[in-house]
Amino acid sequence: MNREDRDYKYVMQDFSNLYLGARYTYDELLEAEEVPFKVKSIINRFVKPEISGENLSLESHLYYMEEKDFVYQTFRQLKAKVKISILQEKTGRGKKTEKRYYTQTIPLQELVKIPLPQKEEKGIMIQEISFSKLALMGL
C-alpha cells in the first residue's frame with residue numbers, strides 16, 4: 001500500500017458520527033477490525049449485491065453514484081456526508097495564479113446532483129464519507 005492510499009484509509013468515530021476514508025474498498029472494510037459490525041452488515045446486505053462482485057473503493061463508487069441507485073438511498077437514510085476537495089485557481093499578488101485544493105463537507109445528495117463532466121472539470125476528489133451514528137442505529 002503506497003503512502004497516498006494510507007492517508008485516506010482510516011476509520012474514526014466521535015460522539016455522533018462515524019468517518020470512513022474514501023480509499024478503502026468494500027472488501028477491505030469488511031476485513032478491518034475497527035469497522036463497526038453494523039457497517040459491515042450494511043455493506044454485506046445492501047452494497048455488495050448492488051455492485052455485483054466488483055471490488056470498488058468508496059471514492060470511485062461515490063464519484064459515479066446516481067440518484068436511482070439503491071445504495072444511494074441507503075446512504076441517504078444514514079445521513080451520509082462527503083468530504084471533498086475541489087481544485088480552484090486563486091489569483092495572488094502580481095496577478096500570479098496558482099491552483100489549490102479546497103476542502104469542504106457536503107451532503108451526499110449535493111455530490112450526486114453534480115453532473116459527471118462538471119465533477120471532472122472541477123477536479124473533485126473524495127476524501128471521506130461520514131454517517132450519523134443515530135441513523136446507523138435506526139437502520
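What is the volume of the largest cavity? The exercises below start from that question and concern a predicted model.

**Exercise 1. Characterise the largest cavity: its volume, its lining and the chemical class of that lining.**

Solution.

Step 1. Establish how many cavities there are to consider. The structure holds 1 cavity of 30 Å³ or more.

Step 2. State the volume. For the largest cavity it is about 70 Å³.

Step 3. List the lining. The residues are L20, Y26, L29, V39, I42, I43, V47, L58, F75, L78, F131 and L136.

Step 4. Assign the lining to elements. Two or more residues come from each of α2 (26–31) and α3 (37–51). The largest share, 4 residues, belongs to α3.

Step 5. Sort by class. The lining has 12 nonpolar residues, with no polar and no charged ones.

**Exercise 2. Describe the largest pocket in the corresponding terms.**

Solution.

Step 1. State the volume. The largest pocket has about 170 Å³.

Step 2. List the lining. It consists of E50, I51, E54, L56, S60, H61, Y64, M65, D69 and V71.

Step 3. Assign the lining to elements. Here α3 and α4 (58–63) each give two or more residues.

Step 4. Sort by class. The lining of the pocket divides into 5 nonpolar, 2 polar and 3 charged residues.

**Exercise 3. Determine how α3 and α5 are oriented relative to each other, and identify the residues through which they touch.**

Solution.

Step 1. Take the geometry of the axes. Those of α3 and helix α5 (residues 70–77) come within 8 Å and cross at roughly 150 degrees.

Step 2. Apply the cut-off. An angle over 145 degrees counts as roughly antiparallel. The two helices, α3 and α5, are therefore roughly antiparallel to each other.

Step 3. Identify the contact. On the α3 side it is made by I42, F46, V47 and E50, and on the α5 side by F70, V71, T74 and F75.

Step 4. Sort by class. The residues of this contact comprise 6 nonpolar, 1 polar and 1 charged.

Step 5. Relate the contact to the earlier exercises. I42, V47 and F75 also appear in the lining of the largest cavity, while E50 and V71 appear in that of the largest pocket.

**Exercise 4. Work out the arrangement of the sheet and name its edge strands.**

Solution.

Step 1. Count the elements. The protein has 8 helices and 5 strands. Along the sequence they follow the pattern α-β-β-α-α-α-α-β-β-α-α-β-α.

Step 2. Order the strands in space. The 5 strands form an open sheet in the order β1-β2-β5-β3-β4, with antiparallel pairing.

Step 3. Find the edges. β1 (11–13) and β4 (97–107) each have a single partner strand, so one side of each lacks a neighbour in the sheet.

Step 4. Add the twist. From one strand to the next, it averages 25 degrees.

**Exercise 5. Analyse the pairing of β3 with β4 and the turn that joins them.**

Solution.

Step 1. Recall the principle. Strands in a sheet pair through hydrogen bonds of the backbone, in a parallel or an antiparallel sense.

Step 2. Apply it to this pair. Strand β3 (residues 81–91) and β4 pair in the antiparallel sense over 11 bridges.

Step 3. Match individual residues. L87 has Y101 in β4 as its bridge partner, and Q88 stands opposite R100 in β4.

Step 4. Examine the turn. β3 and β4 form a hairpin with 5 residues between them, and in this turn G94 has a positive phi of about 70 degrees.

Terms used:
Residues are numbered from 1 along each chain as its sequence is written. This is a predicted model: local features need pLDDT of at least 70, side-chain atom pairs count only at pLDDT 80 or more; totals for chains, interfaces and linings use all residues. Side-chain values use heavy atoms; hydrogens and water are left out. On a 1 Å grid over the protein atoms alone, a cavity is a set of points where a 1.4 Å probe fits but cannot get out, and a pocket is an open set with protein on both sides within 12 Å along at least five of seven lines; lining residues have an atom within 4 Å of a point. Grid points are joined across faces, edges and corners, and a volume is the space filled by probe spheres set on the points. Ala, Val, Leu, Ile, Met, Phe, Trp, Tyr, Cys and Pro count as nonpolar, Asp, Glu, Lys and Arg as charged, and the others, Gly among them, as polar. Axes are lines fitted to C-alpha atoms, for helices over the stretch in contact, and angles run from 0 to 180 degrees between N-to-C directions. Angles under 35 degrees count as roughly parallel, over 145 as roughly antiparallel, 65 to 115 as roughly perpendicular and the rest as oblique. Contact means heavy atoms within 4.5 Å. Two strands pair if DSSP finds at least two bridges between them.
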